Structure formats: structure tokens, C-alpha cells
Amino acid sequence: MGEQALTPAGADADPAGTPADRSQEGPGAATAGMTADGRTAAPAAVPGAGMTADAGGTGGPRELTADLVAGPGGVMTDEVGVVTGELTLKSRYADGQVALTVQYKDADEWYAVTGGTAKLADPADLDAVHTVALALLHRPEG
């Protein structure tokens with residue numbers, strides 16, 4: 001790791017020694033409450049600067065998919081029982097809940113993974129749930 005140079009508060013140069021661009025500063029400058037140069041900014045209303053916007057929306061439907069190879073024993077589904085072989089996993093967030101479904105790769109029908117639904121308080125957690133589910137189900141070596 002390299003060292004990081006710090007610019008004293010009120011300095012007119014950035015850490016590289018070049019003049020800092022202050023064209024956006026002033027009484028009406030929107031900073032979303034962040035300061036990079038040591039100055040404290042006045043609070044500003046910045047649309048989209050909240051956690052919901054950073055998480056990809058207001059909690060509406062969102063889904064992730066990934067291909068996998070089910071190991072011995074396959075994946076248990078509510079509709080057809082065990083499915084095996086090359087599958088696609090879909091993790092879908094909607095209405096405060098995550099649901100896992102699988103399909104045979106490139107097929108049209110999706111099947112609910114048995115026990116694959118749970119409440120999810122933050123839509124941003126969908127990424128972690130999808131990663132864990134994929135790690136548990138993708139077992140090409142058995």
C-alpha cells in the first residue's frame with residue numbers, strides 16, 4: 001500500500017499539488033454531506049443520495065441469475081421434486097422477500113427451490129443471498 005497525502009483544510013491544491021477545482025463550491029453547492037478536502041459542507045438536499053437509491057431502487061422487483069451444475073442429489077423443487085444436471089438459478093427480490101427458482105438450462109419452466117424463500121429487509125442483500133445460494137447448489141465435482 002502506498003502513502004496517502006493529505007491536504008490541509010482550506011488549501012487550494014489537491015494531494016497531487018495541482019490547483020483544486022472549486023467551481024462547484026459555494027452557498028448552493030450540493031455535496032450530499034460528503035467532504036473530501038476537510039471542509040464541512042452545509043447540508044444539502046440531493047435527490048437519489050440515500051441508501052435506497054444506492055441499492056438499486058425503491059425495493060421493487062430485482063433478480064439475479066447464474067448457471068450451475070447440481071451435484072449428486074440435485075436441487076429439490078416444490079413442483080417436480082429433484083432436478084439435476086445443468087441448471088440456471090434465479091434469485092428474485094420483491095415485496096420484502098427473496099425467492100429462489102431453478103430451471104433446466106435454456107428451458108422455459110422455472111421451479112421454486114424448496115425452502116428457497118425468506119424475508120429480506122434490504123434489497124441490497126440480494127447479492128449476498130444469491131452468492132451463497134449459488135455456492136451451495138453449484139457442485140460440479142459432487
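What follows is a walk through the strands, the core and the charged pairs of this structure. Keep in mind that the model is predicted.

Let's begin with the sheet. Strand E4, residues 86-94, pairs with strand E5, residues 97-104, in the antiparallel sense, and 8 bridges hold that pairing. To get your bearings in the register, look for Thr88, which stands opposite Gln103 in E5. The two strands form a hairpin with 2 residues between them, and Asp95 in that turn has a positive phi of about 55°.

Carry on along the chain and E5 meets strand E6, residues 111-119, again antiparallel, through 5 bridges. Here Ala99 is the residue opposite Thr117 in E6. This hairpin has 6 residues between its strands, and Asp106 in the turn also has a positive phi, about 70°.

Now for the inside. The largest nonpolar core has 12 residues, among them Leu68, Val83, Leu89, Leu100, Tyr111 and Leu137. Strands E4, E5 and E6 each supply at least two of its residues, and so does helix H2 (126-137). Tyr111 is a handy place to zoom in: leaving out residues up to four places away in sequence, Tyr111 touches Thr77, Glu79, Val80, Val83, Leu100, Thr101, Val102 and Tyr104.

What about the aromatic rings? The count of aromatic pairs is 0. There is a charge over a ring, though: the charged end of Lys90 sits over Trp110, 4.3 Å from the ring centre.

That leaves the salt bridges, and the whole structure has 3 of them. In one, Arg62 and Asp127 bring their closest N and O atoms to 2.9 Å. Arg62 belongs to strand E1 (residues 62-69) and Asp127 to helix H2, so this pair ties together parts that are 65 residues apart in sequence. Both ends are partly exposed, with relative accessible areas of 24% for Arg62 and 37% for Asp127.

Another salt bridge joins the side chains of Glu63 and Arg92, at 3.4 Å from N to O. Because Glu63 lies in strand E1 and Arg92 in strand E4, the pair ties together parts 29 residues apart in sequence. Glu63 is partly exposed at 42%, as is Arg92 at 35%.

Finally, Asp67 and Lys105 meet in a salt bridge of 2.8 Å, N to O. This one links Asp67 in strand E1 to Lys105 in the loop between E5 and E6, 38 residues apart. Asp67 has a relative accessible area of 43% and is partly exposed, and Lys105, at 35%, counts as partly exposed too.

Key:
Residues are numbered from 1 along each chain as its sequence is written. This is a predicted model: local features need pLDDT of at least 70, side-chain atom pairs count only at pLDDT 80 or more; totals for chains, interfaces and linings use all residues. Side-chain values use heavy atoms; hydrogens and water are left out. Rings of Phe, Tyr and Trp (its six-membered ring) pair if their centres lie within 6.5 Å; planes under 30 degrees apart count as stacked, over 60 as edge-to-face and the rest as tilted. A charge sits over a ring if NZ of Lys or CZ of Arg is within 6 Å of the ring centre and within 35 degrees of the ring normal. Two strands pair if DSSP finds at least two bridges between them. Helices (H or I, at least four residues) and strands (E, at least two) are DSSP runs, numbered from the N terminus. A nonpolar core is a set of buried Ala, Val, Leu, Ile, Met, Phe, Trp, Tyr and Cys residues joined through side-chain atoms within 4.5 Å. Buried means under 20% relative accessible area, exposed over 50%, partly exposed in between (1.4 Å probe, protein chains only). Contact means heavy atoms within 4.5 Å. A salt bridge is a side-chain nitrogen of Lys or Arg within 4 Å of a carboxyl oxygen of Asp or Glu.
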